[in-house]
Amino acid sequence: MSEHYEKVKVQLEQMKSPAEGADGGAAVVPAPALPVTSSLPAAARSARRESSRTSIHPRNRSKSRSKTSSRDRNANVKQDTDKPRGRGSEQLLQIKGTGKVLQGKAEGKEEDKAANGKEEGSKVVQKRRSVTVDTSKAKTSLEALKLSIKQLKWREAAVPLLFLYFPMGRRSACDIYWHGVSFHDNENIISGQVNKFPGMIEMLRKINLSRAVRTMQELFPEEYNFYPRSWILPEEYQLFSAQIRLLKDNDSTLKPTFIVKPDSGSQGDGIYLIRDPADLRVFSGSQVKQAVVQEYIQKPLLIDKLKFDIRLYVLVRSLEPLEIYIAKEGLSRFCTEPYQEPCQKNLNHVFMHLTNYSLNIHSGNFVHSDSCNTGSKRTFSSVLYRLASKGVDIKKVWSDIIALVIKTVIALVPELKVYYQADIPPGKPGPTCFQILGFDILLMKNLKPVLLEVNANPSMRIEHEQEVSPGVFEYVPSPVDEEVKVGVIRDTLRLMDPVQRKPYIPNLLSGASEEAIVVEAGSDEKAGLVDSLPSLCLKQVFPKYMKQFNYLRIAERIADIFLRFLGVKGTMKLGPTGFRTFIRQDHPLMNCKLSSSSFTMASVDILYIDITRRWTGMVPDSREAGMGLQAFVEAFFYLAARRFKALPLREQVLSLLELCESSLEGQGHVEKSRTQKQHSSINPAPAHSTAPPTLISPARRHQHVRADQRLRPSAEANVEG
């Protein structure tokens, strides 16, 4: 037995010697013994000695080569990689069956980490999941969207392949869905992100926008004086006619001008100017057209004797919490006929009074320019530079514009929340939403910004129509549009990047060193991406300036109460039972004590029927019967006035809000304590359980307001202040 063992031993030594000389002997350059051992700690030196001691036993080598399982090999590799990279450990890697490939990976990781971190970061980047954008519904924004995706090195999915196999949307093919019109362009989305909010198109129609701003004007008349005074037609036709007649009777020299905008019109279609209510074209035969009539701004700021407006792009990143971004660059769109104050002779000169690009492009004076500083369409920054050269305080102009944008979005949020929960009820699968809005703003001669309208679907086309020969038109690139719009779309995608938005959750099952390398590589990749792209052209303004504007969110708090009492998920209208529940004194859920001997439940029903019937007539295309949010806000104002008669309107509403919110909060404590008691009878609750956070009311800035805050049209809309 001993002779056989000796023969096998000699054969193994003979086989090992040339293999080591060919594979590892020439490749490994031994370091001097003293520097290596002196630089290693005691534990490392002992581990090195132990590994060297193991490497000189041929019997152990033979067993390792023949009997070690794949699981043992992996375990040995993991143990060995934790040891110092001395000569003994390198031999141990060979002995344990790691092979040259694995050894090369282990050595490469150490060398790359020490010598070439950027190269390693790029290797890890390749493993990063690519973001996919569905462009099949992008419509006119397709070209700008494609350029943005290319710059970000993301993937475009013109046709979501998985939907071909799963038409009901059981699987999501893309991370981001880019719709050209509305949230409902694709009904099969149950995850990911969509670039449209439910209800945004409806809310930004001329009538609904005017109603939302009017509600805020009743509460904050000074803060919302940036929106021209408006009348809704046909329901307020008699009111409009009576007020204008009275105005002219008091001062015969006054000749105000008004602009009429169709409710669902766009691109300047159907807009016209009038000086007398008799000139209204609302009634055409038997059909009544819904429209908004506004006081016309007669003293706008002029450049080169031309009237112009500003198109700014605003990103609403989320509703809850509210996040608003404003593009640092916008477009200035000029009229093509020198401006004159309106008179009966020039009321029909649309190229003088209307700044819409879609109208002025048909003018013979329209100038296409490859420069951002000239032509009929320029960048907003070029206008600001020109104003700054004349001593205008540009920071003040921007500050006023930012305030206008934030206040307008705050006015829209309450109704948008109702639409959102109707299409994506809480607890049901659905995508998250964001949206780019187009704000059209006019600067008055005194540099005060005025909101003209807000577009739910601003044009993102980066080419324009040009007549190349008589009667022959084709689309040619527009450098001004491309510079502004591609940046807005690209940086919107960057902000909505689902990979960056996901919180990092460490993998506790993997090694710490390997996980740390992945995280560092991810941060290096982000830094590299930022270096290869321009800085973000979108500036966050909310919640950045939340402290300055949070006190305005009164209507949003009313909407939260409205949603609380809807009862059925996915509905938008409050039924009579829910309204009674809101008011009833002895109901356990709500104890606002609104009812009294003089205000019985019969009076509550009459109030509900009266307000609901009137609003149903004003909104004929309603999806369902019942009391909508705007009608509920009117009822809330009425109840606040009854309960707190001695206070101004805003203080009345705030007082009722605080009363209702405290009642809901108290009931929440009671319900939670009941639940905890029932649960403790089976499983005792821990002693450190906490109560829900308290509701904090927005700060009150103005304690003294006028008692009468209703919107009262007057002829002073164009007086410079």
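**Figure 1. K261, a buried lysine without a salt bridge.** In this predicted model, K261 is found in strand β6, which covers residues 258-262. The side chain of opposite charge nearest to K261 belongs to E453, and it is 5.1 Å away. A salt bridge needs a nitrogen of Lys or Arg within 4 Å of a carboxyl oxygen of Asp or Glu, and K261 has none. What K261 does have is a polar contact of 3.1 Å between its side chain and that of Q294. Leaving out residues up to four places away in sequence, K261 touches K206, I271, A291, V292, Q294 and L452.

**Figure 2. K206, a lysine in contact with K261.** Here we stay with the residues around K261 and turn to one of its contacts. K206 lies in helix α12, and it counts as buried because its relative accessibility is 11%. Beyond its neighbours within four places in sequence, K206 is in contact with Y227, K261, P262, D263, G265, V292 and E453. E453 is also the residue whose side chain is the nearest of opposite charge to K261.

**Figure 3. The largest cavity, with K261 among the residues nearest its centre.** The structure holds six cavities of 30 Å³ or more, and the largest has a volume of about 250 Å³. Its lining is made of 19 residues, and those nearest the centre are I259, K261, L354, T355 and L452. Which elements give two or more residues to this lining? They are β6, β10 (291-295), β12 (306-318), β17 (435-443) and β18 (449-455).

**Figure 4. D440 and R311, a salt bridge between two strands.** The side chains of D440 and R311 meet at 2.6 Å, N to O. D440 lies in strand β17 and R311 in strand β12, so this pair ties together parts that are 129 residues apart in sequence. Are the two partners buried or exposed? D440 is buried, with a relative accessible area of 4%, and R311 counts as buried at 8%. Strands β12 and β17 both give residues to the lining of the largest cavity as well.

**Figure 5. E236 and R214, a salt bridge between a loop and a helix.** The distance here is 2.6 Å, N to O. E236 sits in the loop between β5 (230-233) and α13 (237-250), while R214 belongs to helix α12 (residues 206-219), and the two are 22 residues apart. Both partners are buried. The loop that holds E236 is also home to P234, and a cis peptide bond with omega of about 10° joins L233 and P234.

**Figure 6. E661 and R557, a salt bridge between two helices.** The side chains of E661 and R557 meet at 2.7 Å, N to O. E661 lies in helix α26 (residues 649-680) and R557 in helix α22 (residues 554-564), so the pair links parts that are 104 residues apart in sequence. E661 and R557 are both buried. Elsewhere, E320, K417, R553, E556 and D560 are joined into one network by salt bridges that share partners. For the whole structure, the count comes to 23 salt bridges.

**Figure 7. Backbone geometry worth a look in three loops.** Most residues other than glycine have a negative phi, and most peptide bonds are trans. K139 has a positive phi, near 60°, and lies in the loop between β1 (132-137) and α9 (142-152). K139 is exposed, with a relative accessible area of 57%. L447 also has a positive phi, of about 70°, and is found in the loop between β17 and β18. At 21% relative accessibility, L447 counts as partly exposed. A cis peptide bond with omega of about 15° joins F542 and P543, and P543 is found in the loop between β21 (538-542) and α21 (546-549).

**Figure 8. R461 and its contacts in the loop between β18 and β19.** R461 counts as partly exposed, at 24% relative accessibility. Not counting neighbours within four places in sequence, R461 is in contact with T140, Y475, D481 and K485. The C-alpha atoms of R461 and V486 are separated by 9.5 Å, with the two residues 25 apart along the chain.

Technical notes:
Residues numbered from 1 in each chain as written. Predicted model: local features only at pLDDT ≥ 70, side-chain atom pairs only at ≥ 80, totals over all residues. Heavy atoms only, no water. Helix = DSSP H or I, 4+ residues; strand = E, 2+ residues; numbered from the N terminus. Buried < 20%, exposed > 50% of the residue type's maximum accessible area, 1.4 Å probe, protein only. Lys, Arg positive; Asp, Glu negative; His and termini not counted. Polar contact = N/O pair within 3.5 Å; in protein donor to acceptor, adjacent residues only side chain to side chain. Contact = heavy atoms within 4.5 Å. 1 Å grid on protein atoms, 1.4 Å probe; cavity = no way out; pocket = protein on both sides within 12 Å on 5 of 7 lines; lining within 4 Å. Points joined across faces, edges and corners; volume = space filled by probe spheres on them.
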